[in-house]
Amino acid sequence: MKLTPSVSVIVPVYKAEDYLKRCVDSLLSQTFQDFEILLIDDGSPDYSGAICDDYARKDDRVKVFHKLNGGVSSARQYGMDYAKGEYVIHADPDDWVEPNMLEELYKKAKDEDADMVICDYYMNYENKQIYKKQEPSSLDYRTVLKELFQQLHGSCCNKLVRRACYNDTGTRFPDGFTLWEDRFVCCSLCLTELKITYLNKAYYHYDRISNTNSLARIPTMAGLESCIRFIDYFESRITGQEYQRIFFNLKGHIKESAFILKVPYVTFWNLYKEINSRYIYHGKNTVLGLFTRLALIGNDRTLKLLSNSYVSIKKLFIN
């Protein structure tokens, strides 16, 4: 392997002993050979660290770093600090990839001299696999930025990015984020002019079953606070009337998360209170949106009753 590989693959590892091998094996089985894998053991209390070390002993493309637990955002940044590849992509330990992923993404990047290559991905459930199209309506970086706030997946796992872009823009994974840390980075990169291209194939398998501890699936106050920090940061950086609807929808999402978490009513009401009246009349026409709108009209007791009712309905019908 060259001292400077073409691609660095960063894998944050925490409590992943049950599925880590599937992920790493899929990466080591790539048809493309000029890459390194950085396994970042984020203070995992199980045997994940030992599994990482075993891979490093067997294959010199695997680099292992053990650190104190700091959360997924710190683990991703730790990997970025040590990555040497011309391009970088991330993978989560509960997911897996197609064997031609790196070869085809890297070829696309080099053929078009692209800073970022976006591809499609799969959502994998117990008995089904869903193909998720990720084609932007335009490859202009400003359009991609808008759509990353909306319909495009904010993950770093379906995007191969020139590593120099991180350094040139000063983009780092944010401290303390437990959610949206990857979306934060992708949006931050697109605040400046990038050459972006798209490959209409899916290579990444996003496992929606195995990791029951995933913070992306369990609402928490830490996650809510991360999303608030995300919105506040980008609202302070971006102006323009075309973003008003985008930020309204993002703030509505925060309202809905706060509703699920049953925060005190005063906190619920004051959280982006500038959108309250508009949300009551123009919030999402979903079960969650309806319950959140009703809660805004009520009081603390109403909020708790509706939250409990929503959780019960979700268990029965939505899942």
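This report describes the nonpolar cores, several helix contacts and a few single residues of a predicted model.

## Nonpolar cores

The largest nonpolar core holds 63 residues. Within this core, Phe149, Phe230, Phe259 and Phe268 have the most contacts. Helix H9, which spans residues 244-260, gives the most to the core, with seven residues. A second core, separate from this one, has 39 residues, including Val13, Leu27, Cys52 and Met123.

Phe259 can be followed in detail. Not counting residues up to four places away in sequence, Phe259 touches Phe268, Leu288, Phe291, Thr292, Ala295, Leu303, Leu306, Ser307 and Tyr310.

## Helices H1 and H2

Helix H1 covers residues 20-28 and helix H2 covers residues 48-58. Their axes come within 11 Å and cross at roughly 20 degrees. That angle makes H1 roughly parallel to H2, because angles under 35 degrees count as roughly parallel. The crossing of H1 past H2 is right-handed.

On the H1 side, the contact is made by Leu20, Lys21, Val24, Asp25 and Leu28. On the H2 side, the residues are Ser48, Ile51, Cys52 and Tyr55. By class, this contact has six nonpolar residues, one polar residue and two charged residues. Cys52 of H2, which takes part in the contact, also belongs to the second core.

## Helices H7, H8 and H9

Helix H7 (residues 181-189) packs with helix H8 (residues 221-237) at an angle of about 10 degrees, and their axes are 11 Å apart. H7 and H8 are therefore roughly parallel to each other. From H7, the contact involves Arg183, Phe184, Cys187 and Ser188. From H8, the contact involves Phe230, Tyr233 and Phe234. The residues of this contact divide into five nonpolar, one polar and one charged.

H8 also meets H9. The axes of H8 and H9 come within 10 Å and cross at roughly 165 degrees, so the two helices are roughly antiparallel to each other. H8 passes H9 in a left-handed crossing. Leu224, Cys227, Ile228, Phe230, Ile231, Phe234 and Glu235 of H8 meet Phe247, Leu250, Lys251, Ile254, Ser257 and Ala258 of H9. This contact is made up of 10 nonpolar residues, one polar residue and two charged residues. Phe230 and Phe234 of H8 appear in the contact with H9 and in the contact with H7.

## Helix H3

Helix H3 runs over residues 72-82, and its buried residues are Ser73, Ala75, Arg76, Gln77, Gly79 and Met80. These buried residues pack against four strands and two helices. The strands are S1 (7-13), S2 (35-42), S3 (62-67) and S4 (87-90). The helices are H6 and H7.

## Residues with a positive phi

Most residues other than glycine have a negative phi. Trp180 is not a glycine, yet has a positive phi of about 60 degrees. Trp180 lies in the loop between helix H6 (163-169) and H7. With a relative accessibility of 14%, Trp180 counts as buried.

Tyr272 likewise has a positive phi, of about 50 degrees, although it is not a glycine. Tyr272 is placed in the loop between helix H10 (265-270) and helix H11 (276-282). Its relative accessibility is 9%, so Tyr272 counts as buried.

## Gly289 and Tyr198

Gly289 sits in helix H12, residues 287-297. At 0% relative accessibility, Gly289 counts as buried. Leaving aside neighbours within four places in sequence, Gly289 is in contact with Glu256, Tyr279 and Lys284. The C-alpha atoms of Gly289 and Lys255 are separated by 9.1 Å, while the two residues are 34 residues apart along the chain.

Tyr198 is found in strand S9, which covers residues 196-207. Tyr198 counts as buried, with a relative accessibility of 10%. Leaving aside neighbours within four places in sequence, Tyr198 is in contact with Lys108, Ile118, Cys119, Asp120, Lys133, Gln134, Glu135, Pro136 and Leu139. Ser138 is 60 residues away from Tyr198 along the chain, and the C-alpha atoms of this pair are separated by 9.7 Å.

How values were computed
Residues are numbered from 1 along each chain as its sequence is written. This is a predicted model: local features need pLDDT of at least 70, side-chain atom pairs count only at pLDDT 80 or more; totals for chains, interfaces and linings use all residues. Side-chain values use heavy atoms; hydrogens and water are left out. A nonpolar core is a set of buried Ala, Val, Leu, Ile, Met, Phe, Trp, Tyr and Cys residues joined through side-chain atoms within 4.5 Å. Buried means under 20% relative accessible area, exposed over 50%, partly exposed in between (1.4 Å probe, protein chains only). Contact means heavy atoms within 4.5 Å. Axes are lines fitted to C-alpha atoms, for helices over the stretch in contact, and angles run from 0 to 180 degrees between N-to-C directions. Angles under 35 degrees count as roughly parallel, over 145 as roughly antiparallel, 65 to 115 as roughly perpendicular and the rest as oblique. A crossing is left-handed if the near helix is turned anticlockwise from the far one by less than a right angle, and right-handed if clockwise. Ala, Val, Leu, Ile, Met, Phe, Trp, Tyr, Cys and Pro count as nonpolar, Asp, Glu, Lys and Arg as charged, and the others, Gly among them, as polar.
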